[in-house]
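Here's a quick tour of a few strands and one threonine. Have the viewer open and follow along.

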Amino acid sequence: QVHLVESGGGLVQAGDSLTLSCLASGIPKNTYAMAWFRQTPGSDREFVAAISRGGDYQRYGDSVQGRFSIFKDSAEKTVFLQMSNLKPEDTAVYYCALTDSAWTDSVTRPRVYDYWGQGTRVTVST
């Protein structure tokens, strides 16, 4: 059973950096992809970043490209979201997600993902 737990959120100032972590357990042995999404009240869940099983493929949302980086630890038990030059618009609850499907361009769609964490809140002050 896949279980995802996010951590690392907090209150930061605009321009600061922050790294989120997603500890995964029960992940598939072979094909899968993991991603970060974010959501604010009343808004749709927004794609942030995704990474393939081996890390060979990455995808970023337009609003975060160039500022955020997604990567895994060597054991592939944790996926990170390194965020730089944070903006107030980045304020949201950030969710980790996993799909056991193969990597495709559809990784930007929440519907693709089978498992979700509970989220960690990031607040960026002006």
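Which residue is the bridge partner of Ala49 in E6? That would be Tyr60. Keep in mind that this is a predicted model.

## Strand E5 and its neighbours

Let's start with E5, which covers residues 46-52. Six of its seven residues are buried, so the rest of the structure largely encloses this strand.

On one pairing, E5 meets E4 (residues 33-39) in the antiparallel sense, with six bridges between them. If you want a spot to check, look at Ala33, which sits opposite Ser52 of E5. E5 also runs antiparallel to E6 (residues 58-60), and here three bridges do the joining. The Ala49 and Tyr60 pair is a bridge between E5 and E6.

## The two hairpins

Both connections have a glycine worth clicking on. The E4 and E5 hairpin puts six residues between its strands, and Gly42 there adopts a positive phi near 80°. In the hairpin of E5 and E6, five residues lie between the strands, and Gly55 has a positive phi near 80°.

## Thr120

Now jump to strand E11 (residues 120-125), where you'll find Thr120. Is this residue buried or exposed? Thr120 is buried because its relative accessible area is 11%, and the cut-off for buried is under 20%.

As for company, leaving out residues up to four places away in sequence, Thr120 touches Glu6, Ser7, Gly8, Gly9, Leu20, Ala92, Val93 and Tyr94. With Gly9 there's a polar detail too: a polar atom of the Thr120 side chain lies 3.0 Å from the backbone nitrogen of Gly9.

Methods
Residues numbered from 1 in each chain as written. Predicted model: local features only at pLDDT ≥ 70, side-chain atom pairs only at ≥ 80, totals over all residues. Heavy atoms only, no water. Helix = DSSP H or I, 4+ residues; strand = E, 2+ residues; numbered from the N terminus. Buried < 20%, exposed > 50% of the residue type's maximum accessible area, 1.4 Å probe, protein only. Polar contact = N/O pair within 3.5 Å; in protein donor to acceptor, adjacent residues only side chain to side chain. Contact = heavy atoms within 4.5 Å. Pairing = 2+ DSSP bridges.
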